[in-house]
Structure formats: C-alpha cells, structure tokens
Amino acid sequence: MLAARTRAEAERLATVAAGDGVGAVAALGGDGTAHAVLQAVAGTGTPLALLPAGSGNDLATALGVPTDPVRAAAALAADLHAGRTRQLDAARTGERWWATVLCCGFDSAVTERAHRLRWPRGPRRYDVAILLELAQLRPRAVTLTVDGAVRQQEVTLVAVGNTPWYGGGLRIAPGADPADGLLEVVVIGPVSRRELVRTRPRLAAGSHVGHPAVTVLRGREIGLTGAGLTTWADGEPICALPATTVCVPGALTVFGAAPYHRNGHSGGRAGTTGGAEGERLTWGHVQPG
C-alpha cells in the first residue's frame, strides 16, 4: 500500500507502480483518486482497479464496481485470477487523461468556486458555490468543433461525456458509452436562473436531454474555445480554453468491472455515487499471480 496526500504525489507513486510491472494499480478512494491513477496507466496496458471509498464514485457507478470496497477487492481478485480484463475508452485533453465527464461553463465555475471556498465544509460548500454562481449566471459564447464541424453559440454549459455520470450521480450524458470510440457532447443553451434550477433535478434521470435548450452531439475529437472559461473532468481541474479533447479507444484496461450494457450502464453489480473532496489517496499494488 502506498499513501499520497496530493495529486502530484499520487500520480508519481502510481507511475512508479505501473513502471514496476505490477499486475494492476488499485485506487482506493473516489473519482479524484481514479483520475490520478489514470494519468499513470492510460495507454500502457496496466489495468486500473477501483475500490470505491471516496465521496465521489461516478466512474465506479459507470463501470458497475461494487459499492463496498471489500466486495470491489473481491471482484478485482477474481478478475486477476481469471486473467479477465475489460478494454474501455479514455479521453485526453491536452496532456491530461480523464474517464468520466469534462465540463465547461456553469458547472465548472461552480466546481472552481467550491474549491476556493474555505467555509462551509463538506457538501454544503457546493450548495453555497451554486448560489454564488447563480447570481452571476449569464450565457457564454463558445466555439464548439465536433469532428471538424464548427458551431458558434451561447451556452450555459457544455459537458463532454465518456461515461454518463458526474457530480455525484448526475446523469449528464445519458447516452455516453465508454466502449464505442465516441464522446457524447451535451450543450445547454441560454436558460434563466429559474429554468436552470428547475431543470437540474432531471439530470439524475438523464431526462434533461429532452429540454428544448439542450443539444446532444457525438464525435471523437471535440474542440472548445471561449474567453475566460476553464474545464474540469473527474472532479479535477484540466485546463483553460481553448482545449481539444480526443477519445482514445481501448486506452483503459480495467479489473473488477461489470460488463457494459448499451443502455449506458454496467450491469451485474451495484454502483455508488458522491464527490472526491478531501479524500486520502491510497494505492494498492496487486502483484501478478
């Protein structure tokens, strides 16, 4: 077991583990932990295993990893013993890999604001951040390029999904499939504060895509340009715009995940939800054999 208290340290330790030829790198924590490990294992063939123990486990939800880390470890051990893995897509924005959803606009502003707040602690910090950002809500002009097709429009937010869930169980990109070589782009156009608040609960079921202000696109390479906007993915900061994101088919090898169904959810095991703020980063080296 290797423990890390910062993202940089976590990525370094995971990189060393993968370089040592371990059978897998197991991430004990939430989406932030998985994001750090992903930087070390994506594109290398070294499997990632998830042991959900954070307050944010959207990737575990998408992959059908058991909610209990002990059961998740048992699923990992069974796959390791059987030599059974799954190949999934991962996305890359600049030099950063991510696995769930990249967001830009209102939601990324909320996340950034919450990370800057020192009070209150816990989930209430995000509630305060939402209220503060709602007070400043305005459409932002972006240029969105999907596989070479360019469109310019004002948006409330743009979400690019490799898997459906973000934000602790919000199904922002319900049609995203991490095994189809494509990313789902969900664009929410200009809406009022009241309409945004009314629509947000529909995100849990994914029914927001039927709203007239919502457009859904799909593609392998996504470009975003806009003044004063930043992107976040897996609950972690990625970069300021402009940014280009590419889906890399089969870049991620995983242990302990359930088979993926075309309806946008892994089956056979229960998932979990939450966020990754303040979790401890712990790594398990799983040796071959």
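**Exercise 1. In this predicted model, classify Arg92 as buried, partly exposed or exposed, and find its partner in a salt bridge.**

Step 1. The relative accessibility of Arg92 is 29%. Buried means under 20% and exposed over 50%, so Arg92 counts as partly exposed.

Step 2. Now look for the opposite charge: the side chain of Arg92 meets that of Glu95 in a salt bridge, at 3.1 Å from N to O.

Step 3. Check the partner too. Glu95 has a relative accessible area of 64%, so Glu95 is exposed.

**Exercise 2. Work through the salt bridges of Asp79 and Arg198, and state the exposure of each residue involved.**

Step 1. Asp79 pairs with Arg84, and their closest N and O atoms are 2.7 Å apart. Asp79 is buried at 3% relative accessibility, whereas Arg84, at 43%, is partly exposed.

Step 2. Arg198 and Glu195 form a salt bridge at 3.6 Å, N to O. Arg198 is exposed at 58%, and Glu195 is partly exposed at 22%.

Step 3. Place this second pair: both residues belong to helix 7 and lie three residues apart, about one turn of the helix. An α-helix has 3.6 residues a turn, so residues three or four places apart point the same way.

Step 4. For the wider picture, the structure holds 10 salt bridges, and a network of them links Arg7, Glu11, Arg96 and Glu236.

**Exercise 3. Asp58 is buried; find what its side chain has around it in place of a salt bridge.**

Step 1. Locate Asp58 in helix 3, residues 58-63.

Step 2. Search for an opposite charge: the nearest such side chain is Arg200, 10 Å away, and Asp58 has no salt bridge.

Step 3. Turn to the backbone. The nitrogen of Gly167 lies 3.1 Å from a polar atom of the Asp58 side chain.

**Exercise 4. Trace the six-stranded open sheet and say why strands 11 and 14 stand out.**

Step 1. Write down the strand order, 11-10-9-6-13-14, with antiparallel pairing.

Step 2. Strand 11 (214-219) and strand 14 (236-240) are at the edges with a single partner strand each, so one side of each has no neighbour in the sheet.

Step 3. Neighbouring strands here are turned by 20 degrees against each other on average, direction ignored.

Step 4. Zoom in on strands 6 (101-105) and 9 (157-161), which are joined by five bridges; Cys103 has Ala159 as its bridge partner.

Step 5. Add helix 5 (106-116), which packs on the sheet and touches strands 6, 9 and 13, at about 90 degrees to the direction of strand 6. Among the buried residues of helix 5 are Phe106, Val110 and Ala114.

Notes:
Residues are numbered from 1 along each chain as its sequence is written. This is a predicted model: local features need pLDDT of at least 70, side-chain atom pairs count only at pLDDT 80 or more; totals for chains, interfaces and linings use all residues. Side-chain values use heavy atoms; hydrogens and water are left out. Two strands pair if DSSP finds at least two bridges between them. Helices (H or I, at least four residues) and strands (E, at least two) are DSSP runs, numbered from the N terminus. Axes are lines fitted to C-alpha atoms, for helices over the stretch in contact, and angles run from 0 to 180 degrees between N-to-C directions. Contact means heavy atoms within 4.5 Å. Buried means under 20% relative accessible area, exposed over 50%, partly exposed in between (1.4 Å probe, protein chains only). Lys and Arg count as positive and Asp and Glu as negative; His and the chain ends are not counted. A salt bridge is a side-chain nitrogen of Lys or Arg within 4 Å of a carboxyl oxygen of Asp or Glu. A polar contact is a pair of N or O atoms within 3.5 Å; within protein, one must be able to donate a hydrogen and the other to accept it, and residues adjacent in sequence count only if both atoms are side-chain atoms.
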